Amino acid sequence: MEIVVCLKQIVDPEIPASEFRLDPVTKRQIRGSHALVISTYDENALEVALQLKEKQGGKVTAVTIGEEQATEALRKALAMGADSAVLISDPPLLEADDLGKARVLARAIRKLTTPDLILCGCESADWVSRIVGPFLAEELGLPCVTFGTRIEPRDGKIVVRRIVEDGYHLVEAALPAVVTIASDETNTPRLPKVRDIMAAVKKPITLLRMADLGIEPGSLKEMEGRIVLQDVAIPVREARCEFIEGDTPEEQAERLVLRLKELKVI
Amino acid sequence: MATILVIAPAYEGHVGRTSLELLGGARRIGEARGMEVVAALLGKGAGAAASQMWQYGVKRVYVADHPSILLGELEAFYLASLEACRAANPGVVLLLADSVGREVGPRLAHRLGGGIVTECIDVQAGQDGEVTFLRPVYGGKAIATYRLVNFPVVVTVKPHTMEVPAEMPVSGETIPLELSMDPEGLKTRVLEVVSEEVTGVKLEDAPVVVGGGRGIGGPEGFQLLGELARLLKGAVGASRPPADAGWVPPTWQIGQTGKTIRPDLYIAVGISGATQHIAGVSGAKVVVAINKDPEAPIFKVAHLGVVADYRKVIPPLIQKIKEIVGT
Ligand SMILES: Cc1cc2nc3c(=O)[nH]c(=O)nc-3n(C[C@H](O)[C@H](O)[C@H](O)COP(=O)(O)OP(=O)(O)OC[C@H]3O[C@@H](n4cnc5c(N)ncnc54)[C@H](O)[C@@H]3O)c2cc1C
Ligand SMILES: Nc1ncnc2c1ncn2[C@@H]1O[C@H](COP(=O)(O)O)[C@@H](O)[C@H]1O
C-alpha cells in the first residue's frame, strides 16, 4: 500500500499557558525557546501508516509544508519508519490559508506518487481547524473519513473505526481515500531507536518549491475573500482558587462537602 | 435573498437539543443582517421534526427524508446538505461541530468556495451588521476572532456553547428536497454502529461530572471515581492520557478533542489542568480540583482546591457525602 502522511511542524503545544506569547503583528505564537515538534495527531497518523505497512507491505511518504527547519520533523518521521519525505517550502507558503495548503498538498501528492491512502491528523495541535484533511479529500475528489483511530484493509477497500460521541462507527471506504486520525491505545506513536535515527540520515528528502507545483502565490489566500482573521488574543482567567485546608484528608473531605452544599451543587 | 441556513440531522424525526443551540447563533446573525433563518432537516423520517423548528420561529424547513440518510452515513448527509444549499441559497450555513459537522462542514465549505470557521464558540453581531465568530486556537491558549466578509460561509459550532433560543411559534411550511442519490454509488458506507452502554446519566448531560486524569494511575482508580459519581448522580469523564492508554473508552475524553461539558459541578481528580482539557469544562459552574501538587495549573482555573492524594481523600469524601447529603 502506498501511503502518504501529511504532517505539520509546530511549537510544542503542551507548554503551560503562562509561557504562551503572541506576536501582536503577525497574530501568531512567538516560539521563544520552546521545542518544535510534529503536531500531536500527525504522529498518530504516521503510526497508523507504519502499522499498515508492516502488515501489508508498501511504502510510507511523509509530506509537509513548512520552513527549512521542518526538515527536522521529516527526519523524525523517517526515523520512526517512513521511507521517504517531502518538504514543500517557499516563503509565500507561510501565508497560505487552509484552502491554499490543501491545494499545494494535493498538487505535490499527485506529482510524486499515486497513493492508495492519505492520512492527516484529525486536528493540528496549534491551529485546531480540522479543515485541511477534508479540504484535501475534496481537492483530490476522494472519499473522506474523519476521526479514525484504526484502519483495516478489507477486499481492496479499508474499514475505518471512526470515533463518535457515544461509541464508534465502522466505515468502509473505497481506495484511494483520505482519512484523518485521532488517538487511541492502538496508535501511540513509536519512539525511534538510536539505530533508526542513524538510518534516517540516509533516507531521501525531496524539496519542492511552488514553481515545481505550478502554483501562483495569488491563489494561496482565497478564503480571505469570505472570512478574515481579525484578531487573536489571550483570554484572561480570573478564577481565584479557594483551598480547602485540613489536618487530615477526612477533615478536608468534610469541609469540601459542606462548601459544596453551601454552593448548592450537591 | 440569501438566508441563514441551519442544517441538522433528524433521523426518525429526532432533532438533538444541541442542534437547537444553532438557532440561537443563527437568529443573532439573521437579526443583524435582516436575513431569514431557515432550516434543513436531513435523515430518514426527518419530516416529523419540522414542527419543532416552527416552534422556534423557523418558517421554512427543508426536509431531506431519504432512506440512505441514516446514522453515520455522512456521504449521504453531505450530498443532502449540498442539495439544501442549492435550494435555500444560504449566506451563512450553520452546523454542529460534532462527529457529523466536523466531517461534512469543511467538505461543504470547499464546494461552496472555501469560506469556513470551525469550532466556533460564540457569534457576535453588531448594530452595523458586522458579524464575527470566535473560536479557541493554540489549544485554548488564545481566542481568534474572524470577521464575515462575504457569502457564503460555513460555520461549525461547538456543542454546548450556545443557548437554545426562546420559543416563538410560527405557522411554517415543509419544503421537500429532491435527492437523486444512488445508495450503491456512495463513496463511504457504515458497516457497523457500536454504541457504548451508558449506565446512569450521559456525560454531556450530567449535572455533576467527576473527571480523572493520568494521576489516577490505571483503570482501577476509575472505579473509585465511578462510585463518587454515582453517589452524586453524575457521570465519569477523563483527560486524554487515560483515554489514550485505554483505561477508559475514548468517548469519556473531555476537552479540545473530546467532549465539551457544562455541568453545575466538575470535580477534576489527578488532572494537571492543560488548556486543551480546560477547553472542555470552561462552562462548568463550579470546578473543584483534587491534586497532590499545589503548583498544578488546574488550581489557576478551579474555584475550590484540595491538595491531597486522591486515594486518601476520595474514600472519606464518599463517606461524608453519604453522612451529610444522604444518598
Ligand atoms: C492537539 C491536542 C489535543 C488535546 N486534546 C485534549 C483533550 O481533549 N482532553 C484532554 O484532557 N487533554 C487533551 N490534550 C492533552 C493535554 O495537553 C494534556 O497533556 C493532558 O490534558 C494532561 O492530562 P492529565 O492532566 O491527566 O495528565 P498530567 O498532565 O500528567 O497530570 C497528572 C496530574 O495528576 C496529579 N497526580 C498524580 N498522582 C496523583 C494522586 N495520587 N492524587 C492526586 N493527584 C495526583 C499530578 O500532580 C498531575 O498534576 C490535547 C493535547 C493536544 C496537543
Ligand atoms: N503545513 C502542513 N503541512 C502538511 N500537513 C498539514 C499542514 N497543515 C495541516 N496539515 C494536515 O492537516 C491536518 C489538520 O490540520 P488543521 O486543519 O489545521 O486542523 C494536520 O493534522 C495535518 O495532517
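**Surface, fold and selected sites of chains A and B**

In this predicted model, chain B presents an accessible surface of about 12,400 Å², and carbon and sulfur atoms supply 50% of that area. Its secondary structure consists of eight helices and 16 strands. Measured out along the principal axes, so to speak, the picture is that of a C-alpha trace spanning about 65 × 45 × 35 Å. A compact globule of 327 residues would have a radius of gyration near 20 Å, and the 22 Å found for chain B agrees with this. Of the 327 residues in chain B, 61% are buried. Among the contacts in chain B with a separation of 6 or more, 65% are made by residues 24 or more positions apart. The charged side chains of chain B number 31 positive and 33 negative, and 6 Å separates the centres of the two sets.

Chain A can be introduced in the same terms. It contains seven helices and 13 strands, and its C-alpha atoms fill a box of roughly 65 × 45 × 40 Å along the principal axes. Buried residues account for 52% of the 266 residues in chain A. For contacts in chain A with a separation of 6 or more, the share that comes from residues 24 or more positions apart is 73%. The accessible surface of chain A is about 11,900 Å², with 51% belonging to carbon and sulfur atoms. Chain A carries 35 positive and 43 negative side chains, and the centres of these two sets lie 3 Å apart.

With both chains introduced, a few individual sites help to show how the parts fit together. In chain B, a good place to start is helix 1, which covers residues 17–33 and includes B:T18. The relative accessibility of B:T18 is 19%, and because buried means under 20%, B:T18 counts as buried. Setting aside residues up to four places away in sequence, B:T18 touches B:L96, B:P159 and B:H160.

A second site in chain B is B:A84, which belongs to helix 3 (residues 74–88). B:A84 has a relative accessibility of 0% and is therefore counted as buried. Beyond its neighbours within four places in sequence, B:A84 is in contact with B:L5, B:A40 and B:L177. The chain also brings B:L42 into the picture: B:A84 and B:L42 are 42 residues apart along the chain, while their C-alpha atoms are separated by 9.0 Å.

Turning to chain A, helix 4 (residues 132–140) has seven of its nine residues buried, so this helix is largely enclosed by the rest of the structure. The buried residues of helix 4 are A:G133, A:P134, A:F135, A:L136, A:A137, A:E138 and A:L140. An α-helix has 3.6 residues a turn, so residues three or four places apart point the same way.

The segments on either side of helix 4 of chain A can be followed as well. Ahead of the helix, A:S129 sits in the loop that links strand 6 (117–121) to helix 4. A:S129 is buried, with a relative accessible area of 5%. Apart from neighbours within four places in sequence, the contacts of A:S129 are with A:D98 and A:S124, and also with B:T118 and B:R135 of chain B. After the helix comes A:G141, which has a positive phi, near 65°. A:G141 is placed in the loop between helix 4 and strand 7 (144–154) of chain A. At 45% relative accessibility, A:G141 counts as partly exposed. The C-alpha atoms of A:G141 and A:P176 are 9.7 Å apart, and 35 residues separate the two along the chain.

Finally, the cysteines deserve a look. The count of disulfides over all chains is zero. For A:C6, the closest cysteine sulfur is that of A:C120 at 4.0 Å, which is too far for a bond, because a disulfide requires sulfur atoms within 2.5 Å. A:C120 is likewise in no disulfide, its nearest cysteine sulfur being that of A:C6. Both residues of this pair are buried: A:C6 has a relative accessible area of 7%, and A:C120 has a relative accessibility of 5%.

How values were computed
Residues are numbered from 1 along each chain as its sequence is written. Chains are lettered from A and ligands numbered from 1 in the order in which they are written. This is a predicted model: local features need pLDDT of at least 70, side-chain atom pairs count only at pLDDT 80 or more; totals for chains, interfaces and linings use all residues. Side-chain values use heavy atoms; hydrogens and water are left out. Helices (H or I, at least four residues) and strands (E, at least two) are DSSP runs, numbered from the N terminus. The radius of gyration is taken over C-alpha atoms; the globule rule is 2.2 Å times the number of residues to the power 0.38. Buried means under 20% relative accessible area, exposed over 50%, partly exposed in between (1.4 Å probe, protein chains only). Contact means heavy atoms within 4.5 Å. Accessible areas come from the Shrake-Rupley method with a 1.4 Å probe; for residues, only the protein chains shown count as cover. Lys and Arg count as positive and Asp and Glu as negative; His and the chain ends are not counted. The place of a charge is taken as NZ of Lys, CZ of Arg, CG of Asp or CD of Glu.
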